[in-house]
Amino acid sequence: MQDYQLIEKLAHQNRERIPERAVHAKGWGAQGKFTVTHDITKYTCAKVFRPGTTTEVLARWSTVAGEMGAADTERDVRGFSLKFYTPDGNWDLVGNNTPIFFVRDAYKFPDFIRTQKRHPKTNMRSPEAMFDFWAAQPESVHQVTILMSDRGIPVNPMHMNGYGSHTFSFWNEAGERFWVKFHFKTQQGHKYYTNKEAEEVIGRTREATQEDLYNAIDTGNFPKWTMFVQIMPEADADKQDFNPFDLTKVWPHGAFPLIEVGELEMNRNPDNYFQMVENAAYSPSNVVPGIGYSPDKMLQARVFSYADAHRYRLGTHYEMLPANAPKAANVNHYHKDGPMRFFTNDFGNPDAYYEPNQYGGPVADPSVKEPPLRIDGDADRYHQDHVDADYVQPRALYTEVMDQAERDRLHSNMAAAMAPCSDAVKERWYAVLGRVHPDYEAGVRAAAKSPKEENALPVDSDTPVEAAE
Ligand code: HEM
């Protein structure tokens, strides 16, 4: 027992793990940069969008449901997280590879995630729970359609798009607010696996994505994305025939065209995965002057949820870890003691440890104050009262965007996913599909009766998920 080095070593081994993320536990990361190529300063005063500006970025992509050791190539939504180390502090865009989501009410999120994770008794994934939940939440059919489409199993993040998904806001120097959606379009072309191909890949390696991404960057094939925004003037939100703050809906590209902004390039593998990727703490609460939130209820809840998760998973002062510490000199706080207090913020004078103080410690800068986010107290202001509201966009996706071959693959993928479900749950889900389009319901029913051998996807399949992509 007096061999202290041994005890120290064993004790450290016992503490080498931290809790994995409650969702998006399996992930892959890279470092890189974002460069502004087009001027959008009439919409936002955020310094990260000043023409010609280049900003360091830390990216993490992930699957949602799998645990940290899960196979990479599963049919699942992919997370698309970006941390921009801007001159005003960190801006995090914690998005997905889909422009929409399964639910629009944060209260449903923990239940939704429960259906994606393991059953409490069998300890297995439960398609019965997934489709039971979706059938009771028809707004999910839009996202489920994308998940079961050709875009359900990305080959790796380099060959998929990223979306901020929510409606956020911008404000400009004059204090005018605009609603905004963020899009990152892959420059590598889209590539996705069929179920059969994914099974073969998983049989060969469970780390296919990590291998692809690491090797591409290691050999200088840096993946790039073009960033676009869609912009809606603040007053126009009331004029739409859909709720622009509903996360289960896209904004039509015809009415809100994509405006090019810049280029994202990932060009460096982190020297230490744990330090930069496992320790990365992304949060929608990390915004900078010029970028803000919106009345989207899901977004509002996420502003709380992530920082809370980080305090639990990483510790009190997680914001000072190398992955998370802002690189901007003007980010100051009066946080004090507690676990992981390895930073100094004495501001050159030990008496300046509270605020306001007479010793010249940092003070709030009113010049970067956010203009008021108008709230009118009418919770149902953007309520969609027409019963078809949740089916309009998935119908357009099914009938206008997909061709017959894509629809056939969608039918097969969905039939395969729901094969283990009870007849009662299947019938409820068929009823939802029938509301989208009778051919959708009929197609999945037929595929369930006579499963087809899957054809490989076109090598560079570019199945759009939005009408005008
Ligand atoms: C109210 C709804 C939601 C809640 C409460 C929620 C909560 C969480 C939590 C607690 C984590 C784990 C964070 C960590 O431990 O580091 C997480 C991760 C993540 N979430 Fe959400 N989430 C919600 C909706 C969404 C939506 C709509 C998106 C995409 C548009 C999204 C994208 C992500 C991504 C990409 C990650 C992984 C972040 C990383 O790479 O570290 N989430 N979410």
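S283 sits in the loop between α7 (273–278) and β10 (291–292). Helices here are DSSP runs of H or I with at least four residues, strands are runs of E with at least two, and both are numbered from the N terminus. The model is predicted: local features need pLDDT of at least 70, side-chain atom pairs count only at pLDDT 80 or more, and totals for chains, interfaces and linings use all residues. Residues are numbered from 1 along each chain as its sequence is written, and side-chain values use heavy atoms, with hydrogens and water left out.

**Exercise 1. Compare the settings of S283 and F304.**

Solution.
Step 1. Find the elements. S283 is in the α7–β10 loop. F304 belongs to helix α8.
Step 2. Check accessibility. Buried means under 20% relative accessible area, exposed over 50%, and partly exposed in between (1.4 Å probe, protein chains only). S283 is buried because its relative accessibility is 1%. F304 is exposed because its value is 56%.
Step 3. Set sequence against space. The two residues are 21 positions apart in sequence, and their C-alpha atoms are 8.8 Å apart.
Step 4. Look for a side-chain partner of S283. Its side chain makes a polar contact with the side chain of S285, at 2.5 Å. A polar contact is a pair of N or O atoms within 3.5 Å; within protein, one must be able to donate a hydrogen and the other to accept it, and residues adjacent in sequence count only if both atoms are side-chain atoms.

**Exercise 2. Describe the shell around the ligand.**

Solution.
Step 1. Place the ligand. The space it takes is the largest pocket. A pocket is an open set of points on a 1 Å grid over the protein atoms alone, where a 1.4 Å probe fits and protein lies on both sides within 12 Å along at least five of seven lines; lining residues have an atom within 4 Å of a point. A molecule sits in a pocket if more than half of its atoms lie within 2 Å of its grid points.
Step 2. Find the contributing elements. Two or more shell residues come from each of β3 (78–86), β4 (89–96) and α8 (297–313). Helix α8 gives the largest share, seven residues.
Step 3. Pick out the nearest residues. There are 24 residues around the ligand, and R21, R60, S81, N96 and Y306 come nearest. The test for being near is a heavy atom within 4 Å.
Step 4. Sort by class. The shell holds eleven nonpolar, nine polar and four charged residues. Nonpolar covers Ala, Val, Leu, Ile, Met, Phe, Trp, Tyr, Cys and Pro; charged covers Asp, Glu, Lys and Arg; the others, Gly among them, are polar.
Step 5. Read the polar distances. A polar side-chain atom of S81 is 3.0 Å from a ligand oxygen. R302 places a polar side-chain atom 3.3 Å from a ligand nitrogen. For H24, an N or O atom of the side chain is 3.4 Å from a ligand nitrogen.

**Exercise 3. Map the UniProt annotations onto the model.**

Solution.
Step 1. Take the active site. The unreviewed UniProt entry lists H24 and N96 under "active site". They are spread over 73 residues of sequence but cluster in space, with a largest C-alpha distance of 10.6 Å. H24 and N96 are both in the lining of the largest pocket. H24 itself is in the loop between α1 (4–13) and β1 (27–36). UniProt positions follow the numbering used here, feature names are shortened, and annotations may be inferred rather than shown by experiment.
Step 2. Take the binding site. UniProt (unreviewed entry) lists Y306 for it. Y306 is in helix α8. Y306 is partly exposed, because its relative accessible area is 23%.
Step 3. Take the domain. UniProt (unreviewed entry) gives residues 1–363 as "Catalase core". The end C-alpha atoms of this span lie 52 Å apart, and the span is 22% helix and 21% strand.

**Exercise 4. Inspect the backbone at P356, N123 and M340.**

Solution.
Step 1. Check the peptide bond before P356. E355 and P356 are joined by a cis peptide bond, with omega about 5°. P356 is in the loop between α8 and α9 (389–401).
Step 2. Check N123. Its phi is positive, about 60°, although it is not a glycine. N123 is in the loop between α2 (109–116) and α3 (127–136). It is partly exposed, at 48% relative accessibility.
Step 3. Check M340. This non-glycine residue has a positive phi near 70°. M340 lies in the loop between α8 and α9. It counts as partly exposed, at 27%.
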